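Here are my notes on the charged pairs, for when you have a minute. Have a look at the model first, then read on.

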Amino acid sequence: AWLNRAATGMTTGGAVGVDGRVALQRGGWSLTGATLDLAGARATGSMSYEANGAGRGRFAASLDATRLNFDELASLSGLVRQPEVTGALVSSDISLRLSARELSIRGIDGKALSIEAALAGDDLKITSLSAADFAGARIEASGSIDNLSTSPSGLITAEIDAGSLAGIVALAEDLAPASPVTLQLMRAADHLVPAQLAARFEARATADGSDADLRISGKAAGAELELAARFAGRTDAWREGDVAASLRLKGPDAAVLARQIGLDIDTEGSLDAGQIEARLNGRPSEGMAMSVLARAGDARVDATGELQFVDGSQPRYATEVKTKVPDLAPIALLWGKVLPVLSGEIGADLTFELVGEGTSLTLDDLKGRFAGVNVAGRLAGNLQPGDASGLRRLTGALDFSALDLRALSELLLGADQWLQPEEGEVWPK
């Protein structure tokens, strides 16, 4: 129980049993011929630790398990959080070889996991990482990267063939629950499968850091996916580096593409075939040129502008947006909004300047046509819900060249409020 001791109290994990030959020496220890039992699962192998007063220590583990339960391993996280253990691991090189015929994570079973990897200082080497079934995903990866956190140099390749990402999501939640990458993966995971993806990261050292290239390509839920990104500089000073990146998604249902990039929309609705293209080019601290194109059938949104990442501040952006949508009703339904139906299709052909920092934004110089009339004005608001209702609010002023009372009444009272099907009339008597 002491392994999970915390300031707020004490928690316990599963029973742990260790049987083997222990050798103790000054500044180190070794456990050989070992058998480890963790909540009924058994592993055999060896572990050792050797301190180095003049440099980094070394921890090595080689284990073969019949069954590996990630949830039970998580119950031992208190051991790693102990200051003495944490300090020893951070200041040590780590070598790991692990194999398991079966595995379990969050109650999801898998099989045939094998890992052989080493982390020496800032150098990572993955001799092999494979899983025949990591809770629904087949994974293969290998390669090595030196100077990982400063000026990377090396090559790592990976392939994934997944019918489910549940296991990967669960592992990400355990390792980095608050990471933006984890949160994005949690939102999009169900809409990315089945997936067949190949990834390649290659970097070479330069006088100013490194030149790095990342490419991911394949299919996700029937959509074509291509990501290409280049970075020149130091990863520990990424805002001062040079970035060139592009993302392309294309598929038979634009609603699926929207879910894949993390938009919180209804999981059942659909749209016509579509594509999403995004590009960035420049230095994050000074402002990168940005362009976004999104299409769904005859509807499209184009945005061009600048995106800036300043240390200590939320991302800043300023873009010119052009949108042309023949009928907003199908798109609004994806957000659970039913638009007025009595006045027919509600189209939009608008342009505006989108300026903001983080979730706070302003739509300046908004003009064009909406529902067949001219409109002009300005809106401002925040993408974060303003209160317990969960609603996002915009304030401002809009001028219309004309006003359709049928559409206005339905906007206020709800769609189809005036229709009386039994009498075949639109307006009540």
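The points below go through some of the salt bridges.

1. Keep in mind that this is a predicted model. Searching the whole structure turns up 19 salt bridges, and I only pick out a few here.

2. Start with Glu202 and Arg200, which pair up in a salt bridge whose closest N and O atoms sit 3.0 Å apart. How exposed is Glu202? Its relative accessible area is 38%, so Glu202 is partly exposed. Arg200 is partly exposed too, with a relative accessible area of 38%.

3. Next come Arg215 and Asp213, another salt bridge, with 3.2 Å between the closest N and O atoms. Here the two partners fall into separate classes: Arg215 is partly exposed at 45% relative accessibility, whereas Asp213 has a relative accessible area of 18%. Asp213 counts as buried because that value is under the 20% cut-off.

4. Then look at Arg239 and Asp311, whose side chains meet in a salt bridge at 3.8 Å, N to O. Arg239 is in the loop between strand 14 (223-233) and strand 15 (242-251), and Asp311 is in the loop between strand 18 (299-308) and strand 19 (316-325), so this pair ties together parts that are 72 residues apart in sequence. As for accessibility, Arg239 comes out as partly exposed at 26%, while Asp311 is exposed at 61%.

5. Which residues are linked with Arg67 in a network of salt bridges? They are Glu102 and Asp109. When you view Arg67, show Glu102 and Asp109 along with it, since the three belong to that network.

Definitions and conventions:
Residues are numbered from 1 along each chain as its sequence is written. This is a predicted model: local features need pLDDT of at least 70, side-chain atom pairs count only at pLDDT 80 or more; totals for chains, interfaces and linings use all residues. Side-chain values use heavy atoms; hydrogens and water are left out. A salt bridge is a side-chain nitrogen of Lys or Arg within 4 Å of a carboxyl oxygen of Asp or Glu. Buried means under 20% relative accessible area, exposed over 50%, partly exposed in between (1.4 Å probe, protein chains only). Helices (H or I, at least four residues) and strands (E, at least two) are DSSP runs, numbered from the N terminus.
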